[in-house]
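Reader: Hey, I've got this one open on my screen and I'm a bit lost. Can you walk me through it?

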Amino acid sequence: MRKILVITSNYPRFPKDTSGWFIHELSKRLISNGFQMFALAPHCYDAKFKEEIDEIKIYRFPYFYPFRLQKLAYNNGIAYNLKSSHLAKIQVPFFFLFELLYALKLVRRENIEVIHSHWIIPQGLVGAICKKIFGLPHLTTIHSSEITLLKKIPLGGNIAQFIVKNSDVIVSVSSHRANELLNLISQEVIESTKEKIKIIPLGVNLEYFKNKKSKEELKAKYGINSKYVVLFVGRLVEVKGCEYLIEAFKYVKEQFKNVQLVIVGTGPLETKLEKIVQSCGLKEYVKFVGFVEYSKINDYYTLSDIFVLSSIVDSSKFEEGLPVALLEALAAGKPIVATRTNGIIEVIEDGRNGILVEPKNPEQISINILKLIKDNELRKILSKNALESSKKYNWEVIKKEHSDILLDMLRRS
């Protein structure tokens with residue numbers, strides 16, 4: 001079996017954890033294609049330094065002491081942790097140093113043959129250094145906020161250039177992220193970088209999202225008694241734009257009472273959003289569910305009638321790459337209302353598999369929620385096309401694309 005080391009800043013901290021679960025899902029599936037998978041991820045207080053989950057050997061590197069004060073990774077993600085914690089900022093150089101040292105050590109100890117870095121910074125830099133030292137094939141994946149971060153740090157363009165030069169293949173989950181990278185590097189390496197780039201989105205388990213339970217039974221189980229349910233799934237952070245959805249719901253309930261907004265997820269804005277709900281007089285119409293295990297998330301998709309993704313470009317100029325919840329909603333066959341941001345418009349074709357609205361526009365969101373509530377035929381059309389669109393995001397398709405890349409890298413090494 002060919003040995004692959006996955007280097008990531010986000011990975012399940014324990015079985016059934018949802019942190020970085022999509023990295024684990026891809027790695028787990030690659031085992032069936034003849035790869036032996038290893039994962040290097042940051043340690044978290046109470047997590048094990050070494051364990052095996054689904055036949056993947058996981059190593060977690062500590063980067064600050066005492067361990068309970070490690071604040072850079074997990075929870076709301078590195079980008080938001082840096083904004084909210086001075087301690088997280090202090091830990092950046094330690095994080096990079098220990099991630100690099102552990103990666104160098106693992107490459108030697110486990111006889112690693114390929115390195116797969118998730119997020120171009122800092123993991124892409126760690127992987128690039130490993131390639132420089134050991135000459136190993138290196139695959140870098142761009143997910144979301146890392147290009148925005150590179151633009152802000154000193155010598156960010158130079159760092160990006162070093163990474164692309166020392167990456168054999170660069171996977172981006174969306175085209176606009178790849179274009180951002182090309183705009184960051186010098187003209188002399190743009191053409192050679194274009195040849196390395198492949199656009200491969202994240203995957204979704206289509207079988208899991210097939211409706212196997214009764215909508216009415218699930219509503220009763222979770223204490224929801226409205227005729228229609230509008231669903232939001234995601235971290236409660238600025239880029240998700242949830243406050244605009246709540247404001248939109250104020251207009252929805254003025255025209256239609258028998259509807260409820262269900263918000264699945266937690267985050268630093270939860271208290272603020274709850275206050276907005278109170279001030280808008282929506283307490284009985286908005287339900288905050290909090291954290292939901294992945295094994296139960298389809299219950300909420302199943303009981304919902306409309307899915308809304310209200311993403312924005314936030315105050316730090318951060319924009320999502322390709323939201324996983326959007327792919328889940330497609331796979332669940334939900335009529336979707338989503339904002340016209342770069343990652344989303346690569347997935348949603350307005351009027352065919354969803355409805356696109358302008359970011360930060362509660363009026364447009366509310367108009368289209370009401371439109372879908374009133375038009376049963378439109379809901380059916382969007383639902384059917386959503387299901388059809390989801391097929392190209394099937395994990396089996398995404399796994400094959402990654403497997404082909406890894407095998408080709410090994411052949412050329």
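Author: Sure, one term before we start: two strands pair if DSSP finds at least two bridges between them. Helices (H or I, at least four residues) and strands (E, at least two) are DSSP runs, numbered from the N terminus. This is a predicted model, where local features need pLDDT of at least 70, side-chain atom pairs count only at pLDDT 80 or more, and totals for chains, interfaces and linings use all residues. Residues are numbered from 1 along each chain as its sequence is written, and side-chain values use heavy atoms, with hydrogens and water left out.

Reader: Ok, so in what order do the strands of the open sheet come?

Author: The order is β11-β10-β9-β12-β13-β14, 6 strands with parallel pairing.

Reader: And which strands stand at the edges?

Author: β11 (286–290) and β14 (355–357). Each has a single partner strand, so one side of each has no neighbour in the sheet.

Reader: How many bridges join β12 to β13?

Author: There are 3 bridges between β12 (residues 306–309) and β13 (residues 336–339). In that pair, F307 stands opposite I336.

Reader: Switching topic: which residues have the most contacts inside the largest nonpolar core?

Author: L181, Y301 and F307, in a core of 112 residues. A nonpolar core is a set of buried Ala, Val, Leu, Ile, Met, Phe, Trp, Tyr and Cys residues joined through side-chain atoms within 4.5 Å. Buried means under 20% relative accessible area, exposed over 50%, and partly exposed in between (1.4 Å probe, protein chains only).

Reader: What does Y301 touch?

Author: Leaving aside residues up to four places away in sequence, Y301 touches several residues, including F209, L231, F307 and K334. Contact here means heavy atoms within 4.5 Å. There's also a second, separate core of 32 residues, with C242 and F249 among them.

Reader: Now the odd stuff. Where's a cis peptide bond?

Author: One joins Y65 and P66, with omega about -5 degrees. P66 lies in the loop between β4 (56–61) and α2 (78–84). The bond from I121 to P122 is cis too, with omega near 0 degrees, and P122 is found in helix α5.

Reader: And D46, buried or exposed?

Author: Exposed, at 70% relative accessibility. D46 also has a positive phi of about 80 degrees although it is not a glycine. Most residues other than glycine have a negative phi.

Reader: What about K317's phi?

Author: K317 has a positive phi as well, near 65 degrees. K317 is exposed, at 62% relative accessible area, and sits in the loop between β12 and α14 (324–331).
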